[in-house]
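Okay, thanks for making time, everyone. Let me put the thing up on the screen and then walk you through it.

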Amino acid sequence: MSSLKKKSKLEKQAADLISASIGSNKQSDLDPSPGIFYPQKYEFRASRLPFCPREMVIHHRYPDEALREESYGFRFYVGIGTAVHEVIQQFLGMNNVLYGHWSCCGVIEKERLGSRSCPVCGRPQMYEEYNIEGSLGAHVDGIVPSMNAVWEFKTTGSSNLPKLTSPYKKHHVQASAYLEGINLQEGWDLDKIVFVYLSRDRPQDFKVFVVDPIPDTYTDAVESYSEARDSLYSGHIPDGICKSSSEGSWSGCTYAGICFSPSLDSMLLPVSSLRKKI
């Protein structure tokens with residue numbers, strides 16, 4: 001009986017340690033973990049579109065260092081998303097669907113349709129996403145020549161999958177930039193986007209949407225960024241893309257709480273304090 005009590009006590013101790021570390025809602029005798037905080041670096045990338053010039057200017061003039069918090073749940077689902085990307089890309093490669101670069105054991109084979117067994121270990125090669133190296137950086141999930149399309153893989157919960165009737169707006173914007181960017185870089189003429197939404201918890205469940213790209217998304221974003229940079233050095237605070245602070249909070253904007261403040265200008269550092277050119 002004493003051994004069972006000891007086991008139960010250890011199980012409770014282990015559960016408390018896990019709950020406190022991951023911020024679980026389960027009752028614990030320990031304080032919950034506050035998450036992981038690190039300085040947020042502003043990057044102009046297609047995965048951040050739609051581009052908000054106001055956010056960029058505030059970021060570079062706000063006196064306090066912006067901190068990004070990543071909870072256990074956030075890291076958990078990002079990890080699942082990354083794993084799902086790698087798996088679906090590998091299996092599409094084995095079926096000669098994806099075109100691009102393939103690697104394993106340090107060996108990279110470029111510009112080929114489909115993967116093959118690694119010459120070193122014999123396992124199927126992994127897909128190396130195309131990297132867009134222009135003014136607006138991006139990685140492309142997949143190129144499928146048979147459809148003349150960019151493919152984008154997204155993950156969601158199985159309960160949410162039946163509710164999807166079209167790609168999310170921001171996903172459409174981002175993928176349109178990927179398509180235009182890769183066409184400009186490689187001299188291609190890809191003309192459609194295929195979204196594949198995959199379930200995080202039911203591997204066999206997915207939903208596909210084929211859409212036309214939004215014209216000039218890449219070039220318009222680059223132009224908007226250039227104008228925002230001019231605003232930064234002139235001291236002008238440009239308009240944002242949100243209609244309210246609540247909309248900004250919902251989208252995860254770090255500066256949603258101050259963006260609509262009537263005293264925003266007085267809260268920012270002067271342009272002369274900028275240490276380097278952006």
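So, to kick off: is Cys121 buried, partly exposed or exposed? It's partly exposed, with a relative accessible area of 40%; for that scale, buried is under 20% relative accessible area, exposed is over 50%, and partly exposed is in between, with a 1.4 Å probe and protein chains only.

Before I go on, the small print. This is a predicted model, where local features need pLDDT of at least 70 and side-chain atom pairs count only at pLDDT 80 or more, while totals for chains, interfaces and linings use all residues. Residues are numbered from 1 along each chain as its sequence is written, and side-chain values use heavy atoms, with hydrogens and water left out.

Back to the cysteines. A disulfide here is a pair of cysteine sulfur atoms within 2.5 Å, and by that rule the count is 0. Cys121 is in no disulfide, and its nearest cysteine sulfur, in Cys104, sits 3.6 Å away. For Cys253, the closest cysteine sulfur belongs to Cys52, and at 6.3 Å that is too far for a bond. Cys253 is also partly exposed, at 25%.

Now the helices. Helices (H or I, at least four residues) and strands (E, at least two) are DSSP runs, numbered from the N terminus. Look at H2, residues 53-61: 8 of its 9 residues are buried, so this helix is largely enclosed by the rest of the structure. The buried ones include Pro53, Met56, Val57 and Ile58, and also the charged-looking names Arg54, Glu55 and Arg61. What do the buried residues of H2 pack against? That would be helix H5 (217-234), helix H7 (256-259) and helix H8 (264-267), with contact meaning heavy atoms within 4.5 Å.

Then there's H3, residues 72-94. It has 23 residues and reaches 33 Å from first C-alpha to last, close to the 33 Å expected at 1.5 Å a residue; that expected span is 1.5 Å times one less than the number of residues. Among its buried residues are Gly81, Val84, His85 and Leu92. Their cover includes strands E3 (99-104), E5 (126-128), E9 (149-156) and E10 (192-199). After H3 comes Asn96, with a positive phi near 60 degrees.

On to charges. Side chains of opposite charge can pair when their charged atoms come close. We call it a salt bridge when a side-chain nitrogen of Lys or Arg is within 4 Å of a carboxyl oxygen of Asp or Glu, and the structure holds 8 of them. Going back to H2, Glu55 pairs with Arg48 at 2.7 Å, N to O. Glu55 is buried at 14%, whereas Arg48 is partly exposed at 30%. Glu109 and Arg112 meet at 2.2 Å, N to O, and together with Arg116 they're linked in a network of salt bridges. Glu109 is buried, at 15%. Asp191 and Lys192 pair too, with the closest N and O atoms 2.8 Å apart; here Asp191 is partly exposed at 38%, and so is Lys192 at 24%.

Last stop, the surface. Met147, Phe206, Val208 and Val210 form a nonpolar patch with about 360 Å² of accessible area together. Patches take residues with over 30% relative accessible area and no salt bridge, joining like charges within 9 Å and nonpolar side chains (Val, Leu, Ile, Met, Phe, Trp, Tyr) within 5 Å; the areas are Shrake-Rupley with a 1.4 Å probe, and for residues only the protein chains shown count as cover. Val208 is in strand E11, residues 206-211, and is partly exposed at 42%.
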